[in-house]
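I opened a fresh notebook page today to go through some pockets, a helix and a surface patch. Here is what I looked up, in the order I looked.

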Amino acid sequence: MLSIDAGTTNSKAVIFDTEGHVVSKYTVRMQSKYPQEGWVEQDPYYILSAVKTSISKALKGAGIQPSEIQCAGITNQRETTIIWDRNTGIPVYNAILWQDRRTETIMKALSDYSMEISKKTGLRLDPYFSAGKIKWILDNVKGARKRAMDGDLVFGTVDSWILFNLDRSRQCYTDYTNASRTMLFDIRKLEWDSGLLSMFGIPDILLPDVFPSLNEFGSISIGRNKEIPVYSIIGDQQSALFGHSSTSSGMAKITYGTGSFAMLNTGTDIPQSGALINTVAFGIGARKVNYALEGSVFSAGFALDWVKNLLHVRSFARFEEMAEKARPQNSFMVPAFSGMGSPYWDPDARGLIIGLNGSSGRRDFARMAYESVAFQTEDVLREMEKASPIKAARVDGGLSMSNFLMQLQADLSGIKIMKTGSPEITAAGAAYIAGIAAGIWEIDDIQGMARIDKEYTPEDGKKDALERYPLWKEAVTRSLKWARF
């Protein structure tokens with residue numbers, strides 16, 4: 001099985017065997033652009049090129065022919081918005097990424113409708129989601145709105161863009177999970193909502209068709225003679241949840257990547273979300289889904305990268321060593337580079353470092369960066385526990401390789417942190433769903449496929465972490481609404 005994992009920082013192609021083991025993979029580093037403060041974009045053609053390159057290299061690495069691949073799945077960075085000509089395939093603008101904050105004014109203008117939006121979509125009124133990005137393109141790209149009204153354009157998240165370009169039939173499809181991140185999709189009725197479309201001034205003809213995560217989406221054309229059927233499309237965080245075998249209610253996962261994302265499977269229930277959001281976890285059957293409670297931290301790995309580069313530290317091993325050697329102090333970094341996500345939802349928040357003294361040095365800055373990830377994730381977990389107690393959380397992502405961070409998270413949260421021993425867990429989720437569709441597995445088989453590599457239980461450091469948590473909250477308070485001053 002081939003899994004395409006089109007992420008924010010990396011785009012991967014991963015080939016799995018029928019036992020769920022990784023046979024081969026290839027990664028292409030993605031390139032983001034920052035044309036203005038708060039704007040984050042990627043070249044849609046580079047996204048596509050990265051996908052094609054990774055597939056070709058993964059097949060070569062496995063030493064197999066395309067004809068040996070039974071099926072494929074696609075998982076992708078969510079909320080990222082692309083609009084293109086459905087006839088020529090030419091994008092009208094760059095991909096606007098999920099981190100982008102240019103639509104703050106659009107969101108504020110709709111504040112009177114926030115309750116209605118939340119009730120239908122499960123989401124918070126925030127620039128994070130796709131609807132504002134779509135409206136911005138239609139309003140700011142010359143001729144885009146008219147072309148959209150005439151039916152010449154189509155919107156899609158990254159999954160739709162990939163499928164459109166790799167399937168010869170050029171279909172415009174997405175799945176429930178990606179649609180649920182647009183702020184235009186009713187997660188109870190599982191359909192685009194005409195009221196929300198009208199609210200944002202978006203014509204329904206612009207939108208792709210929506211199907212369950214397990215579906216016959218078309219095929220990927222590789223070479224002249226081989227087409228691989230695509231049997232799954234699913235957003236990356238939901239794919240990681242499925243990859244962890246968290247297929248039943250009450251199971252939680254945390255993915256530490258560019259951002260940090262905690263997700264709790266709530267089954268067929270949509271609980272009160274509080275300061276978090278409700279979203280579709282996955283859909284295996286038509287009009288039948290599992291839901292999830294999710295908290296989103298916008299700056300996790302990005303925050304570590306920022307400090308590491310600022311200090312001119314070459315490797316993460318060295319950076320982590322610096323953090324471990326620093327003593328805990330009452331100094332904090334709030335990495336609100338793109339505002340604050342859950343549970344604050346403040347696009348006007350800005351980053352700060354507070355509590356420095358004359359002895360503060362490089363090691364302290366390294367520790368503050370790691371602690372900022374753990375503290376932000378703890379903010380989310382505390383909100384999540386209001387809906388359902390969490391005894392343990394399965395974790396994945398690049399930062400889960402940090403023993404220092406994972407132990408810090410366990411100490412701070414007081415729960416067991418279980419690091420996966422299954423590589424490429426996000427890609428695995430899409431592959432598992434495709435494999436179920438192809439008849440390779442049953443959904444019950446997935447439960448035994450997630451492997452735990454290491455467990456972290458709260459240690460003596462827990463007391464110190466908890467004592468300092470109120471000071472972290474005070475630091476965050478000082479960063480909120482800063483852009484308004």
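Before I name any helix, a word on labels: helices are DSSP runs of type H or I with at least four residues, numbered from the N terminus. I also keep in mind that this is a predicted model.

**Entry 1: the second largest pocket.** I began with the volume, and the second largest pocket comes out at about 600 Å³. I then asked how many residues line the second largest pocket, and which of them lie nearest its centre. I found 28 lining residues, with Ser114, Ser118, Leu123, Arg124 and Leu125 nearest the centre.

Next I looked up which helices take part. Both α2 (104-109) and α3 (114-121) give at least two residues each to this lining. The largest share belongs to α3, which supplies 4 residues. I also sorted the lining of this pocket by character and got 10 nonpolar, 8 polar and 10 charged residues.

**Entry 2: cavities.** I turned to enclosed space and searched the whole structure, which gave 3 cavities of 30 Å³ or more. The largest cavity holds about 50 Å³ of space.

Which residues line the largest cavity? I noted Arg327, Pro328, Gln329, Ser331, Asp364, Arg367, Met368, Glu371 and Arg468. Here the largest share of the lining is from α12, with 4 residues. By character, I wrote down 2 nonpolar, 2 polar and 5 charged residues for the lining of the largest cavity.

**Entry 3: helix α9.** I wanted to know how many residues of α9 (residues 236-243) are buried. The count is 8 of its 8 residues, and I logged the helix as mostly covered. For the record, the buried residues of α9 are Asp236, Gln237, Gln238, Ser239, Ala240, Leu241, Phe242 and Gly243. I checked what follows α9 as well, and found Ser245 with a positive phi, near 65 degrees.

**Entry 4: a nonpolar surface patch.** My last stop was the surface, where Trp306, Leu310, Ile353 and Leu356 make up a nonpolar patch. Together these four residues have about 360 Å² of accessible area.

I picked Leu356 for a second look and asked where it lies. Leu356 sits in the loop that runs between β20 (352-354) and α12 (362-387). Why can Leu356 count towards a patch? Its relative accessible area is 44%, so Leu356 is partly exposed and passes the patch cut-off of over 30%.

How values were computed: Residues are numbered from 1 along each chain as its sequence is written. This is a predicted model: local features need pLDDT of at least 70, side-chain atom pairs count only at pLDDT 80 or more; totals for chains, interfaces and linings use all residues. Side-chain values use heavy atoms; hydrogens and water are left out. Patches are made of residues with over 30% relative accessible area and no salt bridge: like charges are joined within 9 Å, nonpolar side chains (Val, Leu, Ile, Met, Phe, Trp, Tyr) within 5 Å. Accessible areas come from the Shrake-Rupley method with a 1.4 Å probe; for residues, only the protein chains shown count as cover. A salt bridge is a side-chain nitrogen of Lys or Arg within 4 Å of a carboxyl oxygen of Asp or Glu. Buried means under 20% relative accessible area, exposed over 50%, partly exposed in between (1.4 Å probe, protein chains only). On a 1 Å grid over the protein atoms alone, a cavity is a set of points where a 1.4 Å probe fits but cannot get out, and a pocket is an open set with protein on both sides within 12 Å along at least five of seven lines; lining residues have an atom within 4 Å of a point. Grid points are joined across faces, edges and corners, and a volume is the space filled by probe spheres set on the points. Ala, Val, Leu, Ile, Met, Phe, Trp, Tyr, Cys and Pro count as nonpolar, Asp, Glu, Lys and Arg as charged, and the others, Gly among them, as polar.
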